[in-house]
Amino acid sequence: MSDLPMVFWVPLFLFLGFLPAIFAQEPAYATVVVRGATKVAETDDNFICATIDWWPPDKCNYNHCPWGESTALHLDLSHPFLAKAIRAFNRLRIRIGGSLQDQVVYDVGALKYPCHPFRKMADGLFGFSKGCLHMNRWDELNDLFRKTGAIVTFGLNALYGRHKIRKGVWGGAWNTTNARDFIKYTISKGHQIDSWEFGNELSGSGIGASIGATLYGEDLINLKAIINDLYKNSHPKPLILAPGGFFDQQWYARLLDVSGANTVNVMTHHIYNLGAGDDPHLVSKILDPHHLSQIAGTFINLQQTIQRHGPWASAWVGESGGAYNNGGRHVSNRFVNSFWYLDQLGMASKYKTKVYCRQTLIGGNYGLLNTTTFVPNPDYYRQDALLWHRLMGKGVLAVDSDASPFLRVYAHCSKGKAGITLLLINLSNHTDFRITVQNNMNLNVNVGEQRGSSFLHGLKKTVSWVGRKASDETAVREEYHLTPLDGILRSQTMVLNGTPLELTENGDIPTLDPVLVDMKSPVLIAPLSMAFIAFRNFEAPACV
C-alpha cells in the first residue's frame with residue numbers, strides 16, 4: 001500500500017494565487033453532473049502504455065533528426081533516470097514497435113544471411129534496409145523490463161518472407177520461421193511477454209506497405225497456432241494483437257471474419273489526428289475543441305466493427321503521437337501538447353479503449369522523456385505515472401455538462417480509493433470556469449435550469465453532489481491543477497498547484513501533492529489549464 005500524499009488545506013482566496021491567470025472578466029459558471037450509478041466503460045488495470053521505437057539515429061524529417069540514441073537498438077538501458085521513470089508507474093505497459101518493425105530480423109535460429117544494423121537505403125521501406133535484433137540486446141531489454149516491472153508488448157515482423165507485388169502492396173506467404181525461433185528463444189530465457197502484435201501500419205492502404213485483410217487473417221491463424229504450441233504449458237498465454245494500423249472499417253471487419261473467433265484478442269489502431277509534425281497550426285489544432293472531437297468517430301466505428309464481427313476482442317490504441325513524422329518540434333514535448341494528450345486519454349477510455357500507448361516513452365519530439373537527458377517532459381507528469389495513472393481508476397462514468405465546448409470533462413472511479421475523480425481541461429485562453437459538481441442520484445435541479453447571476457446561489461448548490469455519508473463540516477476534495485511555468489504554453493516545465501515539477505537531486509520523480517479544498521466552494525479552473533479533482537465521499541455505486 002502506497003503512502004498517502006502530503007496535502008495542504010487551502011482557503012479559496014489563497015488557492016486562487018496558485019493559478020496563473022488573472023480573473024479580469026466575469027467568470028463562466030457551469031454545472032457538471034456525474035452519473036455514478038453505472039459504468040459506461042472500463043479500461044484495463046494498466047491503461048497507460050508507452051512505446052519504444054526502432055528508428056536509427058539518422059532518421060530525420062524537416063531537417064531535424066530528433067531520435068538520437070533513444071530506440072530499442074541504441075537506448076542506454078543503464079541510465080538511472082530511465083529505470084526510475086518506468087518504475088514510477090508501478091507496472092507501465094511498454095510496446096516495442098514502429099515503422100521499421102516489419103524490417104527487423106531476429107538473430108536466432110537458422111538465418112540464411114548476415115544480420116546487420118539498419119542503414120540508409122534509397123529503395124528500402126521508409127528509406128532503410130532491414131535491421132538486426134541480436135539476442136544479447138534482447139536479453140538486456142528484458143532485464144530492464146524485469147527490474148522495472150514493465151508489461152511488454154512486442155511487435156513482430158509481418159513482412160518476413162513476403163515480396164512487393166506492386167507499389168505499396170505486398171503479397172506472398174508469411175515465413176513464420178524467424179518469428180517462431182524468436183518466440184521460442186524468448187520462452188527459453190524466461191522473458192515475460194504479455195502480448196505479441198502482428199505487423200505495423202499494414203492495414204487498409206497501409207503506410208509504406210500494405211497486406212490484404214484475407215491474407216493477414218490467415219497469417220494470424222498461423223501465429224495463433226505457434227503461440228498455442230510454444231506456450232502450451234503456460235497459463236494464461238500471451239495475447240495476440242493486430243493489426244497496429246490506421247482504422248479502415250472494411251479491412252478490419254474482413255480481418256476479424258477471416259481469422260475467426262478468439263484468434264485476435266485485441267484490435268489495435270493508431271492515431272495521429274494533429275497531422276504532420278511541421279504543420280504551423282499544431283497549437284491551434286490542439287486548442288480547438290471541434291478538431292479534438294473529430295476523432296471520436298473513429299473510436300465509435302471501431303467499437304461497432306468489433307461488436308458486429310469480433311465481440312471476443314477488445315480495442316487498444318497501439319500508438320498515438322498526435323503529430324506524425326517524429327511529432328511537432330517545440331510542441332509535442334511541451335506543456336501545450338498535454339491538452340491533446342489528456343483529452344485523448346479521456347475520450348479513448350469513454351469509448352471502451354482498454355489500453356492507450358503513447359508514442360513514445362523516449363525518442364522523437366513526442367517522447368515522455370527527454371531524448372538526451374532522460375528528464376521527464378510535461379506529458380510524463382500529466383498522464384502517466386504521476387497523475388492519470390495514479391488517480392483515474394478503470395471504471396468510466398458518464399458526465400453531463402452545460403459548459404461551453406472549451407471545457408472538456410471526464411469522470412472515472414478513483415483509483416484505489418472510494419469516490420470519483422474528474423479530469424477538467426480548459427481550452428479557453430480567456431475564460432475561467434467556476435463549476436458546480438452534482439450527483440444525478442440525489443439531484444434536485446436540472447442541468448439546464450437557470451441559475452441567475454448570483455454566485456452565492458451557485459455556491460450553495462455545490463453541496464448537492466455529496467452523498468448522505470459526509471458531513472458539511474469535514475467534506476473536502478483533493479485538487480491537482482496543472483499549468484505551464486510562467487504561463488508559457490511551450491514551456492517544458494510542468495507546474496502542479498504552483499510548484500514546478502522537477503527531478504530531485506537524486507534523480508527521483510517528485511511527489512505529486514494535492515491541495516485540499518472545502519467542498520462547499522466551487523471548483524475553479526483557470527484559462528489554459530487542466531485539473532484532476534478527487535471527490536472521496538461521492539456516492540457512486542458503480543465504483544464499489
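This text leads the reader through a predicted model of a protein, from its overall make-up to its disulfides, a pair of helices and two individual residues.

The protein has 544 residues, of which 60% count as buried. Its secondary structure comprises 13 helices and 26 strands. Contacts across the chain can be sorted by how far apart the partners lie in sequence. Among contacts between residues at least 6 apart in sequence, 77% join residues at least 24 apart. The disulfides give particular examples of links between separated parts of the chain.

The count of disulfides in the model is four. When the bonded cysteines are numbered in sequence order, the pairing reads 1-6, 2-3, 4-5, 7-8. Three of these links are described in turn below.

One disulfide is formed by Cys49 and Cys357, whose sulfur atoms are 2.1 Å apart. The link of Cys49 and Cys357 is right-handed, with 85° about the S-S bond. Cys49 belongs to strand β3 (residues 48–52) and Cys357 to strand β16 (residues 353–358), so this disulfide ties together parts of the chain that are 308 residues apart in sequence. What are the relative accessible areas of the two cysteines? Cys49 has a relative accessible area of 1% and is therefore buried, the limit being under 20%. Cys357, with a relative accessible area of 2%, is likewise buried.

A second disulfide joins Cys115 to Cys132, with a distance of 1.9 Å from S to S. The link of Cys115 and Cys132 is right-handed, with 105° about the S-S bond. Cys115 is placed in the loop between β5 (104–107) and β6 (131–134), while Cys132 is in strand β6 itself; the two are 17 residues apart. Cys115 counts as buried at 15% relative accessibility, and Cys132 counts as buried at 4%.

A further disulfide connects Cys413 and Cys543, with an S to S distance of 2.0 Å. Is this link left-handed or right-handed? The torsion about the S-S bond of Cys413 and Cys543 is about -80°, so the disulfide is left-handed. The pair links distant parts of the chain, since Cys413 is in strand β18 (residues 407–414) and Cys543 is in the segment after β26 (529–535), 130 residues apart. Cys413 is buried, with a relative accessible area of 7%. Cys543, by contrast, is partly exposed, because its relative accessible area is 24% and the partly exposed class runs between 20% and 50%.

Attention now turns to a pair of helices. Helix α4 covers residues 177–188 and helix α5 covers residues 213–230; their axes come within 11 Å and cross at roughly 25°. Angles under 35 degrees count as roughly parallel, so α4 is roughly parallel to α5. The crossing of α4 past α5 is right-handed. On the α4 side of the contact stand Arg180, Ile183, Lys184 and Ile187, which meet Leu223, Ile226, Ile227, Asp229 and Leu230 in α5. By character, the residues of this contact divide into six nonpolar, no polar and three charged.

Two individual residues complete the account. Ala173 is found in the loop between β9 (169–171) and α4. Is Ala173 buried or exposed? Its relative accessible area is 58%, and Ala173 is therefore exposed, the limit being over 50%. Leaving aside residues up to four places away in sequence, Ala173 touches Tyr160, Gly161 and Arg162. Ala173 and Ala158 are 15 residues apart in sequence, and their C-alpha atoms are 9.9 Å apart in space.

Thr153 has its place in strand β7 (residues 151–156). With a relative accessible area of 5%, Thr153 is buried. Which residues does Thr153 touch, not counting those up to four places away in sequence? They are Ile94, Arg95, Ile96, Asp194, Ser195, Glu197, Leu241 and Trp316. The two residues thus offer a contrast, because Ala173 is exposed whereas Thr153 is buried.

How values were computed: Residues numbered from 1 in each chain as written. Predicted model: local features only at pLDDT ≥ 70, side-chain atom pairs only at ≥ 80, totals over all residues. Heavy atoms only, no water. Disulfide = S-S within 2.5 Å. Helix = DSSP H or I, 4+ residues; strand = E, 2+ residues; numbered from the N terminus. Buried < 20%, exposed > 50% of the residue type's maximum accessible area, 1.4 Å probe, protein only. Axes fitted to C-alpha atoms, helices over the stretch in contact; angles between N-to-C directions. Parallel < 35°, antiparallel > 145°, perpendicular 65-115°, else oblique. Left-handed = near helix turned anticlockwise from the far one by under 90°. Contact = heavy atoms within 4.5 Å. Nonpolar A, V, L, I, M, F, W, Y, C, P; charged D, E, K, R; others polar.
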